[in-house]
Amino acid sequence: MNANDSQQAKVSTPLPTREGQGGGSLSILHQYFGFSSFRGIQQDIIESIGGGRDTLGLMPTGGGKSITFQVPALAMEGICLVVSPLIALMKDQVEHLRERGIKATAIYTGMTHDEILVALENCIFGNYKFLYVSPERLHSELFQAKLSHMRVSFITVDEAHCISQWGYDFRPSYTEIAQIRKLLPQVPVLALTATATPAVVDDIQRQLGFREPNVKCMSFVRANLSYAVERVVITKEQTVLELLQRHPGSAIVYTRSRIATYELASWLSAQGVSSTHFHAGLTHREKAERAAAWQRGDIRVMVATNAFGMGIDKPDVRCVIHYDIPDSPEAYFQEAGRAGRDGDRASAILLYDSHSVSVLKHRLEDTFPPVEYVAQVYEDVCCFLQLAMGDGRGVTREFALEQFCQSFRHFPVRAYNALQLLSRAGYIEWADAEENHSRVMMSCQRQDLYTFQLTSAMERVIHYLLRTCTGIFSDYAYIDEKEVAATLGMAEQTVSEQLVELSRRHILRFIPRKFVPYITFTQRRLEREEIVLPPAVYADRKREMAERVQTMIGYLLTPQCRSDYLVAYFGEKNAPPCGICDNCRSTAEALSSLSSEQMRDLRRRVLDYVAQHQVTSTTQIRIPDVSAPLLGALLHRMMLENELPTLLT
Ligand code: ADP
Ligand code: MG
């Protein structure tokens with residue numbers, strides 16, 4: 001059955017109940033998502049959470065984690081609460097579910113009280129199956145009051161590593177989830193993540209109050225992905241171009257700066273490689289159009305910041321190139337992992353030049369500037385916003401970072417990170433210009449629409465809304481005025497005016513978007529000396545970042561199999577060498593250059609060495625006059641062929 005058939009089937013078929021787990025799940029997978037079988041450990045996870053057990057599911061990016069909560073939620077009675085860190089991702093999933101005829105909604109920062117109320121009431125009375133919620137909404141009284149009236153099947157915590165201080169993306173608001181669990185003591189929790197070291201795996205279960213440890217884990221080895229580190233010879237641009245010529249097919253090039261995405265994409269296009277660029281600063285429409293053109297294959301290369309990727313799912317990406325080095329193995333693994341989802345051979349290549357190591361170390365210092373500097377930024381912000389000493393608790397002000405940096409001569413990156421630290425330490429709440437959209441909901445009944453005297457412009461706008469926004473009579477839908485305007489051939493201004501007028505006449509409710517970043521002071525203004533950053537906010541996290549940076553430097557320099565190096569970081573020891581990364585290939589070459597006699601001789605010297613020394617690990621074996629990579633390759637081969645039996649790690 002293809003996806004279209006399954007969508008036809010969905011509407012009239014009642015939801016299966018919890019009986020007949022296995023078969024039930026499979027038919028739901030079929031009906032709603034159009035897939036014929038589960039992948040990897042999906043079914044394990046589904047059975048575990050379906051059986052009411054707290055479960056932590058570890059699957060690499062693109063492994064199909066969403067299915068592991070969406071299928072059991074549809075099989076069970078009640079509503080599934082999904083905590084997710086990214087608003088864009090949340091909207092995306094809600095949209096996808098709605099397209100499949102499944103009732104789903106979301107609440108997050110930036111919605112009005114009225115909108116939130118509508119969404120929550122729907123969850124209580126509307127037979128909804130999914131409520132997505134951003135973690136900072138969890139502690140709101142309104143949410144908690146309404147939650148007590150919902151019948152919750154289970155709680156899903158997506159990107160669950162965000163709950164751990166030791167994770168690479170700790171978000172303090174995630175710790176609220178533990179409180180929610182107390183409100184729903186009988187309700188099991190399903191935590192999902194693609195990136196967790198063994199320490200983080202333990203911490204997630206502890207933080208979420210797992211009744212017993214229960215981890216479902218899939219190997220992170222990607223057998224078709226060949227990792228490589230490429231040394232820049234002439235210029236980085238030139239190197240990227242050559243790599244793209246050597247690796248035909250769809251590609252992503254990740255850079256860290258927005259300007260670089262534009263410059264590199266333009267340069268590549270000028271060299272005849274079709275490219276576009278993408279970063280968080282583009283309009284919603286630009287992003288959607290470029291992603292779609294690349295997805296269709298009309299454009300070959302996407303040059304992007306890390307804003308590109310979440311929710312992107314293109315199976316035939318042949319090559320992911322990193323122009324700059326990411327500062328964590330977690331981020332690198334996720335981004336590199338977007339290559340080769342179809343299972344065919346693909347490459348993940350990291351560029352490296354003589355500055356790379358010092359750049360990485362600098363980044364650590366920029367992310368954690370000295371505490372005195374952070375206190376200085378605090379004081380400057382107070383001055384900038386004209387907040388008197390002792391004043392300010394609960395005060396919210398508009399705050400433009402750029403203007404602030406200009407007035408007080410701060411480097412934006414450092415100032416940005418100082419503000420992050422201040423908000424993590426609880427002195428301020430700071431919302432950067434988070435992307436937000438206009439929203440509409442009809443406030444009349446469908447049949448009443450015909451009773452209004454509407455201008456033709458209004459009629460066209462309404463037709464557009466009815467055609468494109470599902471469920472607009474019961475819930476708010478996002479719209480982009482630019483898009484409406486382009487489709488209808490109107491000016492954007494006109495579209496906005498029509499919406500305002502329709503709203504004035506109570507035909508619909510319209511909430512225009514706002515792009516106002518703000519700062520809220522959670523305490524009175526303090527003296528500079530009173531600003532302290534606890535270890536959990538500063539020292540501990542700085543140390544962890546230093547470790548990650550060190551792991552990335554190690555990745556650049558290791559002579560070992562790169563796939564092994566990465567998966568070992570995630571706790572998978574003793575994986576066999578991949579055989580296809582640059583290191584494996586060059587050692588295989590070196591081995592094949594040996595004559596069989598030399599080979600025999602070398603093996604004998606290794607066995608002699610082992611017999612004569614107390615070795616507990618292959619890394620302790622030393623053979624004079626044999627290069628480290630060659631010896632490494634030989635030892636790997638001997639291990640695989642069980643020639644070093646009683647040893648060794
Ligand atoms: P993750 O959250 O683990 O990164 P997603 O849940 O976004 O991954 O799924 C990645 C892709 O895999 C999606 O396009 C999804 O439709 C697809 N997918 C998931 N499960 C299956 C399955 N059982 N069979 C085929 N495709 C699947
Ligand atoms: Mg996901």
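In the predicted model, helix H3 passes helix H4 in a right-handed crossing. H3 covers residues 42-50 and H4 covers residues 65-75; the two pack at an angle of about 45°, with their axes 9 Å apart. H3 and H4 are therefore oblique to each other, since the angle is neither under 35 degrees nor within 65 to 115. On the H3 side the contact is made by Gln 42, Ile 45, Ile 46 and Ile 49, which meet Ile 67, Thr 68, Val 71 and Pro 72 in H4. By class, the residues of this contact divide into six nonpolar, two polar and no charged. An α-helix has 3.6 residues a turn, so residues three or four places apart point the same way.

Seven strands form an open sheet in the order E3-E4-E2-E5-E6-E1-E7, and their pairing is parallel. Strand E3 (104-107) and strand E7 (215-217) stand at the edges; each has a single partner strand, so one side of each is left without a neighbour in the sheet. From one strand to the next, the twist averages 20°. Within this sheet, strand E2 (residues 79-83) pairs with strand E4 (residues 130-133) in the parallel sense, over four bridges. Val 83 has Val 133 in E4 as its bridge partner. Two helices that pack on the sheet may be described in turn. Helix H5 (residues 87-99) touches E3 and E4, and its direction makes about 165° with that of E3. Helix H9 (residues 198-207) touches strand E1 (55-58), strand E6 (189-193) and E7, and the direction of H9 makes about 150° with that of E1.

The edge strand E3 is joined to E4 by four bridges, again in the parallel sense. Ala 106 of E3 stands opposite Tyr 132 in E4. From E3, Ala 104 and Ala 106 point one way, whereas Thr 105 and Ile 107 point the other way; all are buried.

Cys 80 has its place in strand E2. Its relative accessible area is 0%, which is under 20%, so Cys 80 counts as buried. Apart from neighbours within four places in sequence, Cys 80 is in contact with Ala 73, Lys 129, Phe 130, Leu 131, Ser 153, Phe 154 and Thr 156. Among these, Phe 130 and Leu 131 fall within the residue range of E4, and Ala 73 falls within that of H4. Cys 80 and Ile 325 are 245 residues apart in sequence, and their C-alpha atoms are 38 Å apart in space.

A further open sheet is made of six strands in the order E8-E13-E12-E9-E11-E10, also with parallel pairing. Its edge strands are E8 and strand E10 (275-278), each of which pairs on one side only. The twist of this sheet averages 20° from one strand to the next. E9 and E12 run parallel and are joined by five bridges; Ala 251 stands opposite Cys 319 in E12. Helix H10 packs on the sheet, where it touches E8, E9, E11, E12 and E13, and its direction makes about 165° with that of E13.

H10 spans residues 236-246, and its buried residues are Thr 239, Val 240, Leu 241, Leu 243 and Leu 244. These buried residues pack against strands E8 (225-231), E9 (250-254), E11 (301-304), E12 (317-322) and E13 (346-352), and also against helix H11 (258-270).

Definitions and conventions. Residues numbered from 1 in each chain as written. Chains lettered and ligands numbered in written order. Predicted model: local features only at pLDDT ≥ 70, side-chain atom pairs only at ≥ 80, totals over all residues. Heavy atoms only, no water. Buried < 20%, exposed > 50% of the residue type's maximum accessible area, 1.4 Å probe, protein only. Contact = heavy atoms within 4.5 Å. Pairing = 2+ DSSP bridges. Axes fitted to C-alpha atoms, helices over the stretch in contact; angles between N-to-C directions. Parallel < 35°, antiparallel > 145°, perpendicular 65-115°, else oblique. Left-handed = near helix turned anticlockwise from the far one by under 90°. Nonpolar A, V, L, I, M, F, W, Y, C, P; charged D, E, K, R; others polar.
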